[in-house]
Amino acid sequence: MEKSFTFRFYNIGRDDPGKPAMVDVLRQAAGEPDKLKREQKLAQDVTIRLEELQDDGADAVIGEFVRCQDTNLPSELDGATRKPLTAKKLGHSVVFRLNHKKGVIGIQHDPRIVSLGRILEYLHAYHAAAFYTVEPRLDPKAWQKFKKGSVRKLALRIASPDTMADLGGTDNAASTGIRSLAEAYDAPTIGIELSMGHRKGFLSNAIFDFADKLTNSLGPTARLDKLTAITVINEETEVLDLIEERQMLKDTLAIDDRDPVKNYQVKTAYLAAQMKRIVG
């Protein structure tokens, strides 16, 4: 069986060197031999655990997170007979690789299973001081193209905006306003559009710094779901999807219908080889 996979890359950092390194908290979780005891319930119907963790050379670890499904289970088909599923739980997984020397994580992108935000919550559940900054690794050529143009419109959408961190400087007004709207109306997602409308001209150059900050860590669970721009470059109007310009890989891998161990090996072998080529 062949299936398409997407892998995305993020810079991982700490705002305080006294806080535990991500690799140390991962190793703490992996040190529990009983995988049932590794499970953390993060929300209703959201329980995940660190399933695998191995060293990948001196500077990296590679592993797998599993989302444990024990509700709304499907039935089994035995020929013409449908019957209740015999398994107590189902396991849905994503793989990851962390280069802890360079501070870069590559992760199989499938937020319906386990998102990077959920992984950060999981690590915090293991160690109360485990907070990390996360920045998508953007395609530098695309970002340079954006900054060379004159921006007519910038549209953004933020999930979990009530946890959005302060952006700093004059952009604090934006982050404070977004949080206030989320809290006032219990909005799980907020979209904002800054535009010249039918007027001539362009947004101020401050928009570039604002866009930069949006691609940095927005908070413990806040997530930038959309960032698009309409910009004029050499008198030509272009629509740029800056989220899609982040550094990522898309490929089709040959996986097994039933063997999770084989699939783990296939996905991690691919991720490790490609990540070493891109970032080390």
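Helix α6 is a good place to start: with six residues, α6 gives the most to the lining of the largest pocket. This is a predicted model, and the briefing below walks through its largest pocket, with a volume of about 1000 Å³, and its second largest, at about 840 Å³.

**Largest pocket**

- If you would like to find the centre in your viewer, look for Gly91, His92, Ser93, Pro260 and Asn263, which lie nearest to it among the 30 lining residues.
- Besides α6 (260-278), the elements giving two or more residues to this lining are the strands β1 (2-13), β3 (46-55), β4 (60-69) and β7 (90-99).
- Sorted by class, the lining of the largest pocket holds 11 charged, 10 nonpolar and nine polar residues.

**Second largest pocket**

- Here the lining runs to 43 residues, and those nearest the centre are Gly117, Thr221, Ala222, Arg223 and Leu224.
- At least two lining residues come from each of β1, β8 (104-108), α2 (116-126), β9 (133-136) and β12 (223-233).
- Among the elements, α2 gives the most to the lining of the second largest pocket, with five residues.
- By class, the lining of the second largest pocket has 23 nonpolar residues, along with 11 polar and nine charged ones.

**Side by side**

- Strand β1 is worth a look in both places: β1 gives two or more residues to the lining of the largest pocket, and β1 also supplies at least two to that of the second largest.
- For a helix in each pocket, turn to α6 in the largest and α2 in the second largest.

Notes. Residues numbered from 1 in each chain as written. Predicted model: local features only at pLDDT ≥ 70, side-chain atom pairs only at ≥ 80, totals over all residues. Heavy atoms only, no water. 1 Å grid on protein atoms, 1.4 Å probe; cavity = no way out; pocket = protein on both sides within 12 Å on 5 of 7 lines; lining within 4 Å. Points joined across faces, edges and corners; volume = space filled by probe spheres on them. Helix = DSSP H or I, 4+ residues; strand = E, 2+ residues; numbered from the N terminus. Nonpolar A, V, L, I, M, F, W, Y, C, P; charged D, E, K, R; others polar.
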